[in-house]
Amino acid sequence: MKKTRVTILGAGFISDIHVESYTRFIPEAEIVAVYAREAEKAKAFAEKHHIPNWFTDMDKAITETSCDVVDICLPNFLHCKATLLAAKNQKHVIIEKPLAVTLEEADEMIEACKVNQVKLMYAEELCFAPKYERARQMVKEGAVGNIYMLKQAEKHSGPHSDWFYDIDLAGGGVLMDMGCHAFGWFRWMLGNAKVKSVMGTMNTFLHQERTKGEDNSVIIVEFENGVVGVAENSWAKQGGMDDRCEIYGTDGVIYADLFMGNAALAYSKSGYGYAAEKTDTTQGWSFPIFEEVFNQGYPHELKHFIGCVREDTTPLLTGEDGRAVLEIIYAAYASAGTGKKINLPFNPVIKKPIDLWLDQQ
């Protein structure tokens with residue numbers, strides 16, 4: 001079987017997750033190279049994962065490896081550049097959230113991939129997470145009647161890498177980092193229903209000395225079909241990762257927790273190695289999770305995308321989906337800044353989304 005060759009751009013936390021997903025769950029894919037901006041980091045990542053080639057030149061990483069797919073796990077501000085380069089060289093693109101920093105970049109990326117006839121696949125793992133998918137199937141079977149409200153929360157005490165805290169590199173704070181998960185999942189649950197309006201509030205509670213970005217946000221999304229979505233996101237929540245959803249319908253309710261429901265319960269006086277993402281101590285009571293990457297949906301997501309490339313089928317999540325999520329993010333920042341509900345469509349020309357909040361303070 002000829003394998004689909006993948007070049008990974010980025011050598012950080014999310015790249016580790018993607019590599020684990022490919023090597024453990026996707027035998028039809030082969031990682032042929034990794035790119036990082038720092039040579040030491042690229043070399044160490046390649047050696048750790050037994051990847052044959054490493055680069056500090058993005059162009060060479062894409063053009064000199066005979067790859068079929070470019071998997072972009074880079075900081076937000078590099079998403080557009082990497083996608084345009086991949087598309088120019090007729091490589092299919094898998095891209096981590098958010099799609100881009102601005103809507104103009106998103107449109108340029110979508111157009112470049114269309115012109116070069118390559119797939120632009122938007123990696124929103126919550127649409128593939130087994131527990132969330134089980135809940136969605138139950139809804140399709142009529143378990144809760146007609147949905148009238150969705151809630152999704154993702155919270156922890158802060159990102160892994162420093163660039164997340166730099167609003168010029170990330171485009172914003174926790175909303176850019178994790179709010180996109182909720183918005184993508186809302187649309188997935190509702191068959192890409194159109195958004196009517198967005199209202200939000202946000203602030204910086206824990207990381208004031210480190211970032212100008214928000215580290216806590218609550219956003220309410222009204223859809224044209226009457227459903228309300230509530231997104232809670234935080235970098236200020238202590239005690240490890242929290243990721244859960246709630247589905248409210250006229251005939252029932254579903255609660256799904258990605259972490260607690262897949263964890264053991266443990267007590268340790270001295271502590272131990274790893275419990276779960278963002279858990280800063282394992283002393284005392286803890287909830288050690290198992291098959292963390294699998295339960296979050298990464299292998300299912302990437303296997304689907306590789307299948308789309310191999311079979312030339314349309315991915316479940318595309319660049320257009322990523323753009324729709326980014327527009328909701330714009331509206332959320334604007335609402336938090338003005339204190340008003342923002343109606344969609346909403347396409348202001350800005351340098352970065354968070355300016356819609358900061359410029360009103």
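These are my notebook entries on helix packing, two long-range contacts and a few odd backbone spots in a predicted model.

**Entry 1: α1 and its partners**

I started with α1, residues 13–25, and looked up how it sits against α10, residues 298–311. The two helices pack at about 70°, with 9 Å between their axes. Since 65 to 115 degrees counts as roughly perpendicular, that makes α1 roughly perpendicular to α10. I noted the crossing of this pair as right-handed.

Next I listed who touches whom. From α1 the contact takes Ile-14, Ile-17, His-18, Ser-21, Tyr-22 and Phe-25, and from α10 it takes Tyr-298, Pro-299, Leu-302, Lys-303 and Ile-306. Sorted by class, I get eight nonpolar, two polar and one charged residues for α1 with α10. A reminder to myself on spacing: an α-helix has 3.6 residues a turn, so residues three or four places apart point the same way.

Then I turned to α2, residues 39–49, which packs with α1 at about 25°, the axes being 12 Å apart. Angles under 35 degrees count as roughly parallel, so α1 is roughly parallel to α2. The crossing of α1 and α2 is right-handed. Here Ser-15, Asp-16 and Val-19 of α1 meet Phe-45, Lys-48 and His-49 of α2. The classes of this contact come out as two nonpolar, two polar and two charged.

**Entry 2: α4 against α5**

How are α4 and α5 oriented to one another? I found an angle of about 10° and an axis separation of 9 Å, which means α4 is roughly parallel to α5. α4 passes α5 in a left-handed crossing. On the α4 side I wrote down His-79, Cys-80, Thr-83, Leu-84 and Ala-87, and on the α5 side Glu-105, Glu-108, Met-109, Ala-112 and Cys-113. The tally for α4 with α5 is six nonpolar, two polar and two charged residues.

**Entry 3: α5 itself**

I checked the length of α5, residues 103–115, next. Its 13 residues should span 18 Å at 1.5 Å a residue, and the end C-alpha atoms are indeed 18 Å apart, so the two agree.

Which residues of α5 are buried? I have Leu-103, Ala-106, Met-109, Ile-110, Ala-112 and Cys-113. These buried residues pack against α4 (79–88), β5 (92–96), β6 (120–123) and α11 (319–338). Met-109, Ala-112 and Cys-113 are also on my list for the contact with α4.

Just after α5 comes Gln-117, with a positive phi of about 55° although it is not a glycine. Gln-117 belongs to the loop between α5 and β6. It has a relative accessible area of 71%, so I marked Gln-117 as exposed.

**Entry 4: α11 and Val-325**

I ran the length check on α11 too. The 20 residues should span 28 Å at 1.5 Å a residue, and the end C-alpha atoms lie 29 Å apart, which agrees. Of those 20 residues, 17 are buried, so α11 is largely enclosed by the rest of the structure.

I picked Val-325 in α11 for a closer look. Its relative accessibility is 2%, so Val-325 counts as buried. What does Val-325 touch beyond its sequence neighbours up to four places away? My list is Tyr-122, Cys-180, Phe-183, Gly-184 and Arg-187. Cys-180 is 145 residues from Val-325 in sequence, yet their C-alpha atoms are 6.1 Å apart.

Just after α11, Gly-339 takes a positive phi of about 75°.

**Entry 5: backbone oddities**

I logged two cis peptide bonds. One joins Lys-97 and Pro-98, with omega about -15°, and Pro-98 sits in the loop between β5 and α5. The other runs from Leu-344 to Pro-345, with omega near 5°. Pro-345 is in the loop between β15 (342–343) and α12 (355–358).

I also went back for positive phi outside glycine. Asp-312 has phi near 55° and is found in the loop between α10 and α11. At 61% relative accessible area, Asp-312 is exposed. Gln-117, from the α5 entry, is exposed as well.

Conventions:
Residues are numbered from 1 along each chain as its sequence is written. This is a predicted model: local features need pLDDT of at least 70, side-chain atom pairs count only at pLDDT 80 or more; totals for chains, interfaces and linings use all residues. Side-chain values use heavy atoms; hydrogens and water are left out. Axes are lines fitted to C-alpha atoms, for helices over the stretch in contact, and angles run from 0 to 180 degrees between N-to-C directions. Helices (H or I, at least four residues) and strands (E, at least two) are DSSP runs, numbered from the N terminus. Angles under 35 degrees count as roughly parallel, over 145 as roughly antiparallel, 65 to 115 as roughly perpendicular and the rest as oblique. A crossing is left-handed if the near helix is turned anticlockwise from the far one by less than a right angle, and right-handed if clockwise. Contact means heavy atoms within 4.5 Å. Ala, Val, Leu, Ile, Met, Phe, Trp, Tyr, Cys and Pro count as nonpolar, Asp, Glu, Lys and Arg as charged, and the others, Gly among them, as polar. The expected span of a helix is 1.5 Å times one less than its number of residues. Buried means under 20% relative accessible area, exposed over 50%, partly exposed in between (1.4 Å probe, protein chains only).
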